[in-house]
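Take a moment with the sequence and the model below. Then follow a short tour from the inside to the surface.

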Amino acid sequence: MADERSAEQKKIDEWLPITSSRNAKWWYSTFHNVTSMVGAGVLSLPYAMSELGWGPGVTVLVLSWIITLYTLWQMVEMHEMVPGKRFDRYHELGQHAFGEKLGLWIVVPQQVIVEVGVDIVYMVTGGKSLKKIHDLLCKDNCTNMKLSHFIMIFASVHFCLVHLPNFNSISSISLAAAVMSLSYSTIAWGASIKKGVQPDVDYGYNAKTNMGAVFNFFSALGDVAFAYAGHNVVLEIQATIPSTSEKPSKGPMWRGVVVAYIVVAVCYFPVALIGYWVFGNSVQDNILISLEKPTWLIVMANFFVVVHVIGSYQIYAMPVFDMIETVLVKKLKFKPTWYLRFITRNLYVAFTMFVGIAIPFFGGLLGFFGGFAFAPTTYFLPCIMWLAIYKPKRFSLSWIINWICIILGLLLMVIAPIGALRSIILSAKSLKFFS
């Protein structure tokens, strides 16, 4: 199909982060997807299990893995569903399914909430991990540093890295992050086995009231949903893979996704199940805190977390940079220059840093607002687009599977923020945020 873009449009597309490089290999999609999905939240999965219980917990983990793998397959397939055209961005696919204006309004707000919100959470997570390393290694005669100082130290890395132009340029960072995620997950479940099942371990619910148990259950569902948030960058990752009519990009992309999901399973299931088996309902919201010793191993695990969230921050920031730079260059007619990119990206890092410092319990806040975005963009928005575009027959197998995913996703979208709201209030009170 002939390329109908003008010379100016081609020049702009070659400058924008998502479309500037299309020579990625299939394994790039593997570690980009691992880095985007396996966050430090994996360390909280044993705690989520303690609020769900054995039966519901295992069911939710397995169902989430299956459903999100299915919806990810849908997005990979829809990337080139129109011959000669590639939907390089999530909102472009949304516009094709729902219309030019409605597609933007449905997809962009949710995608921005997820991507910016995750970057703020990782800013706080990186700062907390650095502080943990400092506190473990420097116990005597050391300056007492606040969390805000460590968040600024973590942010200083990104003031440099954000100037890498596109996904392919951060591939080595993403690979390192993917390796680190597998490493600290292995440390978490390996050290748990070494510690052994604790005396008087209890697998009952911690909450003292039925209402408290229900809220905790809802909150845990949100934690699991947060663990499967990689769909928001999958089309942008696929856009970096070369494609022809004979060899479409969906082949290598899907190969990379399958390997990535095997790695996700290797990270998630052992940590969640072994961590809960060893500590029961006494497990902390970060299993590394429950492990405590040996000190050198916990320091190493926290260092791995820092390296991983550095890579994850970059993966989620790249589509945001693409949106900002697209608006500035295509809508507001700025020239695509290095100093435009320098200013906008530094401002973005500064924004996420200041929000992380101002609201250190932002993770709970993200669970509240993000519940309206994580569940749709990951669990059921791909299904709705699939039904709108392909229009399968009613009560056919495809129709039934998609509607099951939609209903489960809608339930998750409604109940996850309810549990997160309680966590926000408790966190704010503990920090005397309202005083």
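The paragraphs that follow go through the nonpolar cores, the cysteines, a surface patch and two loop residues.

Keep in mind that this is a predicted model. Start inside. The largest nonpolar core holds 120 residues. Five of them have the most contacts within this core: Leu43, Met123, Val224, Tyr228 and Tyr268. Helix α13 supplies the largest share, 16 residues. That helix covers residues 295-331.

Now look at Tyr268. Setting aside residues up to four places away in sequence, Tyr268 touches seven named partners: Met37, Val38, Gly39, Val42, Leu45, Ala227 and Tyr228. Tyr228 is itself among the residues with the most contacts in the largest core. There is also a second core, separate from the big one. This one has 6 residues. Among them are Ile12, Trp15, Leu16 and Val329.

Next come the cysteines. A disulfide is a covalent bond between the sulfur atoms of two cysteines. How many disulfides does a search of the whole structure find? The count is 0. Two cysteines show contrasting settings. Is Cys160 buried or exposed? Cys160 counts as exposed, because its relative accessibility is 58% and the cut-off for exposed is over 50%. Cys267 counts as buried, because its relative accessibility is 0% and buried means under 20%.

Move out to the surface. A nonpolar patch of about 750 Å² lies there. Its members are Leu63, Phe395, Ile400, Trp403, Ile404, Ile407, Leu408 and Leu411. Which helix gives the most to the nonpolar patch? Helix α16, residues 397-430, does so with 6 residues. Leu411 sits in this helix. Its relative accessible area is 48%, so Leu411 is partly exposed. That value falls between the two cut-offs, under 20% for buried and over 50% for exposed.

Finally, turn to the backbone. Most residues other than glycine have a negative phi. Asp200 has a positive value, near 55°, and is not a glycine. Where is Asp200? Asp200 lies in the loop between α8 (171-195) and α9 (210-226). With a relative accessible area of 79%, Asp200 is exposed. Lys391 also has a positive phi, about 50°, although Lys391 is not a glycine. The loop between α15 (362-390) and α16 contains Lys391. Its relative accessible area is 61%, so Lys391 is exposed.

Methods
Residues numbered from 1 in each chain as written. Predicted model: local features only at pLDDT ≥ 70, side-chain atom pairs only at ≥ 80, totals over all residues. Heavy atoms only, no water. Core = buried A, V, L, I, M, F, W, Y, C linked by side-chain atoms within 4.5 Å. Buried < 20%, exposed > 50% of the residue type's maximum accessible area, 1.4 Å probe, protein only. Helix = DSSP H or I, 4+ residues; strand = E, 2+ residues; numbered from the N terminus. Contact = heavy atoms within 4.5 Å. Disulfide = S-S within 2.5 Å. Patch = residues over 30% accessible without salt bridge, like charges linked within 9 Å, V, L, I, M, F, W, Y side chains within 5 Å. Areas by Shrake-Rupley, 256 points an atom, 1.4 Å probe, with all protein chains shown as cover. Salt bridge = Lys/Arg side-chain N within 4 Å of Asp/Glu carboxyl O.
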